[in-house]
Amino acid sequence: YEQLFGFITSQYCSAFVSWEAINCVRKMSLVAIPLVATSSPITQSISNIFLFLAYAMIIIAFKPMASSFLNSIEVLNSCNIIVASFAAILFTVQYQNVYVLEGNSRDVVGYVLLVFISSIFLVSFRLIYVEFIRLYAIHQNSYLSKWLCVIIARVGGSIVLDKYLPI
């Protein structure tokens, strides 16, 4: 099992090895909202906000990832999607056929959202870098994963210095 599915399940705690199924349901929900549920952009954005708010709360409550950095990255990315969905609502809502945000206020809100989303991205990128360094320190190779080390051991000489034959 570890050799076949380790690349999928190795990022999760042992109690949450099937967490990828929850991620698949979340992703299918994202696709189903515009295709099945509604064609209204505002309703889609509100649905995304609720979906990712629930997902972030579940991540915070259960901490399914093996690393606290990965849990933090999931929560931060969910926050980014929530803010982007809220921005979609802000920029498309009209009151009496006039956009709620127009002119300078629209520009200021756009810049604030850009700075906020970029900040979260940079924090996430920093956490990814820290996790990469931690994994590199543990495994001492450029592949950084147990399942690939097992494949390297089984394949033998066909994998040399990061050049490998397709498996």
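**Helix packing and outlying residues**

Visitor: In which helix does Ser85 lie?
Guide: The model is predicted. Residues 68-92 make up one helix, α4. Ser85 lies in helix α4.

Visitor: Is Ser85 buried or exposed?
Guide: The cut-off for buried is under 20% relative accessible area. Ser85 has a relative accessible area of 7%, so Ser85 is buried.

Visitor: Which residues is Ser85 in contact with, leaving aside its neighbours within four places in sequence?
Guide: Ser85 sits in helix α4. Beyond those neighbours, its contacts are Ser45, Asn48 and Ile49.

Visitor: Where is the place of Ser45, and is Ser45 buried or exposed?
Guide: Ser45 belongs to helix α3. Buried means under 20% relative accessible area. Ser45 comes to 9% relative accessibility, so in helix α3 it counts as buried.

Visitor: What does Ser45 touch, not counting residues up to four places away in sequence?
Guide: The contact of Ser85 with Ser45 appears from this side too. The full set touched by Ser45 is Ser85, Ala88 and Ile89.

Visitor: Which other residues of α4 are buried?
Guide: Ser85 is one of the buried residues of α4. Asn71, Ile73, Val75, Leu76 and Ser78 are among them. The list continues with Asn80, Ile82, Val83, Ala87 and Ile89.

Visitor: What span does α4 reach from its first C-alpha to its last?
Guide: The helix has 25 residues. At 1.5 Å a residue, 36 Å is expected, and α4 comes close to that. From first C-alpha to last, α4 reaches 36 Å.

Visitor: Which residue caps the N-terminal end of α4?
Guide: Look for a side-chain oxygen 3.1 Å from the backbone nitrogen of Phe69. The residue that supplies this oxygen, and caps the helix, is Ser67.

Visitor: How far apart in space are Ile46 and Ile82, C-alpha to C-alpha?
Guide: Ile46 is in helix α3, and Ile82 is one of the buried residues of α4. At 37% relative accessible area, Ile46 is partly exposed. In sequence the two are 36 residues apart; in space, C-alpha to C-alpha, the gap is 8.9 Å.

Visitor: Are α2 and α3 roughly parallel or roughly antiparallel to each other?
Guide: Helix α2 covers residues 19-37 and helix α3 covers residues 41-62. Their axes are 9 Å apart and cross at an angle of about 170 degrees. Angles over 145 degrees count as roughly antiparallel. Therefore α2 and α3 are roughly antiparallel.

Visitor: How many nonpolar, polar and charged residues does the contact of α2 with α3 have?
Guide: Trp19, Asn23, Arg26, Ser29, Leu30, Ile33 and Pro34 come from α2. Gln44, Ser47, Asn48, Leu51, Phe52, Tyr55, Ile58 and Ile59 come from α3. By class, the residues are nine nonpolar, five polar and one charged.

Visitor: Is Arg26 buried or exposed?
Guide: Arg26 is in helix α2. It is one of the α2 residues that meet α3. Its relative accessibility is 14%, so Arg26 counts as buried.

Visitor: Which residues is Arg26 in contact with, leaving aside its neighbours within four places in sequence?
Guide: Leu51 is 25 residues from Arg26 along the chain, and their C-alpha atoms are separated by 7.8 Å. The contacts of Arg26 are Leu51, Phe52 and Tyr55.

Visitor: What is the phi of Lys63?
Guide: Lys63 is found in the loop between α3 and α4. It counts as partly exposed, at 46% relative accessibility. Lys63 is not a glycine, yet its phi is positive, at about 45 degrees.

Visitor: What is the phi of Asn97?
Guide: Asn97 sits in the loop between β1 (94-95) and β2 (98-99). Its relative accessible area is 71%, so Asn97 is exposed. It is not a glycine either, and its positive phi is about 60 degrees.

Visitor: In what order do the elements of the protein run from the N terminus on?
Guide: The protein has six helices and four strands. From the N terminus, the order is α-α-α-α-β-β-α-α-β-β.

Visitor: What share of the contacts with a separation of 6 or more comes from residues 24 or more positions apart?
Guide: The protein has 167 residues, and 24% of them count as buried. Among contacts with a separation of 6 or more, the share from residues 24 or more positions apart is 53%.

Key. Residues numbered from 1 in each chain as written. Predicted model: local features only at pLDDT ≥ 70, side-chain atom pairs only at ≥ 80, totals over all residues. Heavy atoms only, no water. Helix = DSSP H or I, 4+ residues; strand = E, 2+ residues; numbered from the N terminus. Expected span 1.5 Å × (residues − 1). Buried < 20%, exposed > 50% of the residue type's maximum accessible area, 1.4 Å probe, protein only. Polar contact = N/O pair within 3.5 Å; in protein donor to acceptor, adjacent residues only side chain to side chain. Axes fitted to C-alpha atoms, helices over the stretch in contact; angles between N-to-C directions. Parallel < 35°, antiparallel > 145°, perpendicular 65-115°, else oblique. Contact = heavy atoms within 4.5 Å. Nonpolar A, V, L, I, M, F, W, Y, C, P; charged D, E, K, R; others polar.
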